[in-house]
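Me: I should like to go through this structure by question and answer. Please show it first.

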Amino acid sequence: MGFDNNFLPIKAPPISPERHKELILFQKLIGLRFRRLDLLNLAFTHRSYANEFQGDIDNNEKLEFLGDSILGLVINEYLFINLPGRTEGDLSKIKSFVVSESSLEVIAKKIKIDNFILIGKGEEYSGGRTKKAIIGDAMEALIGAYYLDSGFKKIKKFIYHHFIPEINKVLENRHRKDYKTLLQEYVQKKYKTYPKYSITQKKGPDHDKTFWMSVTIKSKIYGPGQGKNKKEAEQNAAMIAYTTIIKDKK
């Protein structure tokens, strides 16, 4: 069962007739039914939209905070029950892949969240609707909103439906690799040191920069890796280093 309105001090954006149709369409597309559309609308409200809005409204960051915790709990419970032979370290590693920004982005795009996010004009012009962090955060906010609207049983069913396939990908080694983690674990074990990342170049205006990062391991430099933010560039540099090292090892 959901929560009484009196216990939800939220200030969601007003819902126009056109926006109402969009939210109804989203629910039909993914097979959910919200009793309170304002919660769903708030889940899709990025802070850039709230900042530009002429009025006092909330953004989706607190719902994201809630959704992140609920997602972690449900995944932890599932792994604990269904993989009894795995160590705590193994379970943590599996979970880290399943709830990663990359996995959230994949699932969010699959259910078309990017088409329904409310973002500010500046963020829209800089490609905000395609940014991994914005899409992933909206996915977690949706989880938080649906929990508040319909309760734990229904959100658990929703998470199982969309995230168990991601767990299976990890178990079958078909998932997107976190090369930074893989590289760090390998370098720590092999050389008893850590990879060191550094910016080699950055170009573009503040709202649309591209970064190039290199990674140094025992005085050997790999890369550079390119990305629209430092984290993405580091991942690509780590991928270059890790695949090179493993290939040379063979």
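Me: How many helices and strands does the protein have?
Reply: This is a predicted model, in which local features need pLDDT of at least 70, side-chain atom pairs count only at pLDDT 80 or more, and totals for chains, interfaces and linings use all residues. Residues are numbered from 1 along each chain as its sequence is written, and side-chain values use heavy atoms, with hydrogens and water left out. Helices (H or I, at least four residues) and strands (E, at least two) are DSSP runs, numbered from the N terminus. Along the sequence the pattern is α-α-α-α-α-α-α-α-α-α-β-β-β-α, and the totals are eleven helices and three strands.

Me: What share of the residues of the protein counts as buried?
Reply: Buried means under 20% relative accessible area, exposed over 50%, and partly exposed in between (1.4 Å probe, protein chains only). The C-alpha trace spans about 60 × 50 × 30 Å along its principal axes. Of the 250 residues, the buried share is 42%.

Me: Which residues form one aromatic cluster with Phe26?
Reply: Rings of Phe, Tyr and Trp (its six-membered ring) pair if their centres lie within 6.5 Å; planes under 30 degrees apart count as stacked, over 60 as edge-to-face and the rest as tilted. The whole structure holds eight aromatic pairs; one of them is the edge-to-face pair of Phe26 and Phe44, with 5.0 Å centre to centre and 90 degrees between the planes. The cluster joins Phe26 with Phe44 and Phe116.

Me: Where in the chain do Phe26 and Phe44 lie, and how many residues apart are they?
Reply: Phe26 is buried because its relative accessible area is 0%, and Phe44 likewise counts as buried at 0%. Phe26 belongs to helix H1 (residues 17-30), while Phe44 is in the loop between helix H2 (37-43) and helix H3 (47-52). The pair thus links distant parts of the chain, 18 residues apart.

Me: Is Lys218 buried or exposed?
Reply: Lys218 is found in the loop between strand E2 (210-217) and E3. Its phi is near 50 degrees, a positive value in a residue other than glycine. With a relative accessible area of 57%, Lys218 is therefore exposed.

Me: What is the phi of Ser219?
Reply: Ser219 lies in the loop between E2 and E3. Ser219 is exposed because its relative accessible area is 71%. Although Ser219 is not a glycine, its phi is positive, at about 75 degrees.

Me: Which peptide bond is cis, with omega near 5 degrees?
Reply: The bond involves Pro224, which lies in strand E3 (residues 220-227). It is the peptide bond from Gly223 to Pro224.

Me: Is Ser126 buried or exposed, and how far from a polar atom of its side chain is the backbone oxygen of Glu123?
Reply: Ser126 lies in the loop between helix H7 (121-125) and H8. Ser126 counts as buried because its relative accessibility is 12%. The backbone oxygen of Glu123 lies from a polar atom of the Ser126 side chain at a distance of 3.1 Å.

Me: Over the face of which residue does Lys180 lie?
Reply: A charge sits over a ring if NZ of Lys or CZ of Arg is within 6 Å of the ring centre and within 35 degrees of the ring normal. Lys180 is at 5.0 Å from the ring centre, and the residue concerned is Tyr197.

Note on methods: Polar contact = N/O pair within 3.5 Å; in protein donor to acceptor, adjacent residues only side chain to side chain.
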